[in-house]
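Thanks for coming. I will take a few minutes on one structure, starting with the backbone and ending with the cysteines.

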Amino acid sequence: MKEEMSSVDIKYIINELQSLVGSRVDKIYHDGREIRIKLRTKEGRQDLILEAGKRIHITTYIKEAPKMPSSFTMLLRKHLSGGFLDAIKQHDFDRIVKIMIGDYTLIGELFKKGNIILLNSENRIIAALRYEEFKDRTIMPKAEYKLPPARENPLDVEWEDFKGIIGKEQIEIVRALARKLNMGGLYAEEILMRAGIAKDRKANELNENELKLVFETMKSVFSEEPKPNIVYKNGQMIDVLPIELKWYEGYEKQYFKTFSEALDEYFGKITVEKAKIEKTKKLEQKKRQILATLRKQEEQMKGFEIEAQKNQEIGDLIYANFTFIDNLLREFRKAVEKLGFEEFKKRIEKGKKEGNKIALLIKSIDPREKAITIEIDEKKVRLYLEKSIGENAELYYEKAKKAKHKLERAKIAYENTKKKLREIEELIEEEMKKELNVKKLEKRKKRWFEKFRWFLSSEGFLVLAGKDASTNEMLIKKHMNESDLYCHADVYGAPHVVIKDGRRAGEKTIFEACQFAVSMSKAWSRGVYSEDAYWAYPEQVTKKTPSGEYLGKGAFMVYGKRNWFHGLPLKLAVGIIPYEGDEFVVCAPVDAIKAYADKYIIIRPGGMKKSELVKKIKRVFEKWGYKMREEDIMAVLPPGNGEIIEIKG
């Protein structure tokens with residue numbers, strides 16, 4: 001399974017990431033070997049992930065940020081936050097990426113253990129993920145950053161140079177390509193497979209025509225149009241590629257629009273799986289310990305069962321041979337009393353040699369315990385001479401009884417251990433079901449109306465408002481027609497508001513649109529609680545000005561009668577509403593939200609910072625079971641600080 005990107009992968013992804021050039025760095029996060037750069041692009045939020053020694057791509061798999069930012073995080077934020085991404089490059093054909101942000105360069109070394117290094121404009125190291133010293137370069141603060149020795153670039157190499165580099169190598173052609181041209185084994189094999197050249201042939205044994213074929217095939221492979229895909233084997237991901245390879249012909253594949261999407265899906269799933277494994281590691285270790293205990297307990301129970309059965313059988317055997325054993329005991333006692341144990345032993349040994357049947361029954365004599373062990377029915381029976389036959393049998397029954405008690409206790413302990421195993425397995429299952437600290441940002445295609453501030457009136461009419469000069473201009477010129485109504489607050493710089501199909505709307509919708517106009521104006525940031533607004537017809541709104549005057553972008557003149565609402569309250573609600581088969585977080589007049597949502601939060605101008613207000617609203621939504629992104633809430637709120645005055649739900 002692929003663990004890191006190749007030089008070829010980096011070539012393709014860097015070409016793709018040129019779309020990020022010009023983006024603004026919002027925030028930077030660091031966790032372990034990776035950093036995530038949150039960018040503000042023309043398309044909205046994009047998260048660029050850079051993992052030392054492994055990968056670089058746009059990601060939608062977002063880890064929960066550490067509660068305490070590392071010193072490396074703080075240094076990166078200090079120098080890079082707010083800056084613009086000016087360039088992103090691959091160094092030659094190596095696994096080294098350069099990200100230029102203002103006067104700084106962020107180096108991503110994606111080979112071996114890898115590193116992430118911040119440089120100043122003089123190519124001096126400000127900070128690094130890991131500090132180390134090599135034979136030919138040093139990664140230390142204030143040291144000049146030196147790139148590792150470069151190898152030949154297969155994209156730029158000319159035929160004569162290629163022939164000189166590869167043609168003289170006395171190793172297999174596949175190894176020569178992989179090592180000398182820094183392409184890795186997979187692409188070396190792919191090139192040779194397409195060229196029809198056996199990979200194990202020595203490079204210096206290929207004739208010029210064969211070398212030329214390899215060279216041309218190499219150039220062809222590395223100039224192919226991207227066809228990003230993930231390769232599967234037996235349902236498991238094994239590789240992610242920017243182009244389609246003959247090497248994986250016949251394998252199951254999943255195709256993507258961009259290589260970034262393919263890399264994100266591949267490495268994102270690996271990240272999630274690793275997070276799951278890490279999360280349950282201690283529980284799995286505990287499970288292994290419990291399983292080991294169960295095995296020991298099973299062995300103990302088996303031992304107690306055997307011991308109980310064995311002693312029970314010997315006790316029964318004594319009584320089954322009662323007369324015979326009773327006579328033996330009497331005779332043995334007499335002999336020992338008369339001869340003593342030493343002489344008795346000698347007589348028994350002599351009897352064995354002579355083939356005496358009674359002597360042959362005796363397997364051992366223990367003078368200290370005054371006991372004799374005999375064998376009956378292939379079972380050894382220890383008899384104590386000073387005890388009666390009943391007492392000897394009872395000894396075995398007592399041992400059997402104790403073994404049975406031990407077996408019962410062991411069974412109880414075994415069941416308790418099994419219970420612990422079930423509990424730990426349930427915990428593991430619960431942990432696996434829980435939401436990990438890795439979440440996937442769902443990227444959906446935005447609807448046309450989301451370019452603007454918007455809401456649905458309580459009567460079902462779509463109301464749109466500009467966000468800035470550009471969207472104000474666009475709203476009036478492209479999206480307002482004769483069937484609509486126009487609204488505006490009596491506040492300088494307020495957004496233009498359009499009620500789609502507004503000529504059919506009732507007074508309630510017009511009131512809500514005008515209230516929206518004052519609430520989304522600068523009046524909110526001034527902290528006032530009421531303002532005036534008016535409505536007019538589309539034909540009254542124009543770019544035409546009195547002679548000598550000029551209107552800037554987003555500004556329009558309104559001629560004729562204005563229909564006023566005075567003292568409109570600056571009060572809005574935030575809720576989740578359904579529209580066109582989707583759900584949206586919307587901030588609008590209370591009655592408009594109330595018409596579509598059972599749960600909502602009412603806000604007005606106040607002293608709470610907008611960022612804190614967003615967090616508070618997010619927490620309320622989470623209690624209701626909604627997973628909201630802070631930026632989505634931030635985007636719909638009016639400009640300026642506010643406060644929550646009521647929570648409905």
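**Two loops, a patch and some cysteines**

N123 is partly exposed, with a relative accessible area of 30%. Keep in mind that this is a predicted model. N123 sits in the loop that joins strand 9 (115-119) to strand 10 (125-128). Its phi is positive, about 65°, although N123 is not a glycine.

Which other residue should we look at for its phi? D92 is not a glycine either, and it has a positive phi of about 50°. The loop that holds D92 runs between strand 6 (85-90) and strand 7 (96-101). At a relative accessibility of 41%, D92 counts as partly exposed.

D92 also comes up when we turn to charge. Which residues gather with D92 in a patch of negative charge? They are E152, D156, E158 and D161, and the patch is on the surface. D92 can belong to such a patch because its relative accessible area is 41%, and patch residues need over 30%.

Now the cysteines. How many disulfides does the structure hold? The count is zero. For C514, the nearest cysteine sulfur belongs to C487 and is 3.9 Å away. A disulfide needs the two sulfur atoms within 2.5 Å, so that pair is not counted as one. C587 is in no disulfide either: its nearest cysteine sulfur, that of C514, is 17 Å away.

Are these two cysteines buried or exposed? C514 is buried, with a relative accessible area of 0%. C587 is buried too, at 2%.

Note on methods
Residues are numbered from 1 along each chain as its sequence is written. This is a predicted model: local features need pLDDT of at least 70, side-chain atom pairs count only at pLDDT 80 or more; totals for chains, interfaces and linings use all residues. Side-chain values use heavy atoms; hydrogens and water are left out. Patches are made of residues with over 30% relative accessible area and no salt bridge: like charges are joined within 9 Å, nonpolar side chains (Val, Leu, Ile, Met, Phe, Trp, Tyr) within 5 Å. Accessible areas come from the Shrake-Rupley method with a 1.4 Å probe; for residues, only the protein chains shown count as cover. A salt bridge is a side-chain nitrogen of Lys or Arg within 4 Å of a carboxyl oxygen of Asp or Glu. Lys and Arg count as positive and Asp and Glu as negative; His and the chain ends are not counted. The place of a charge is taken as NZ of Lys, CZ of Arg, CG of Asp or CD of Glu. Helices (H or I, at least four residues) and strands (E, at least two) are DSSP runs, numbered from the N terminus. Buried means under 20% relative accessible area, exposed over 50%, partly exposed in between (1.4 Å probe, protein chains only).
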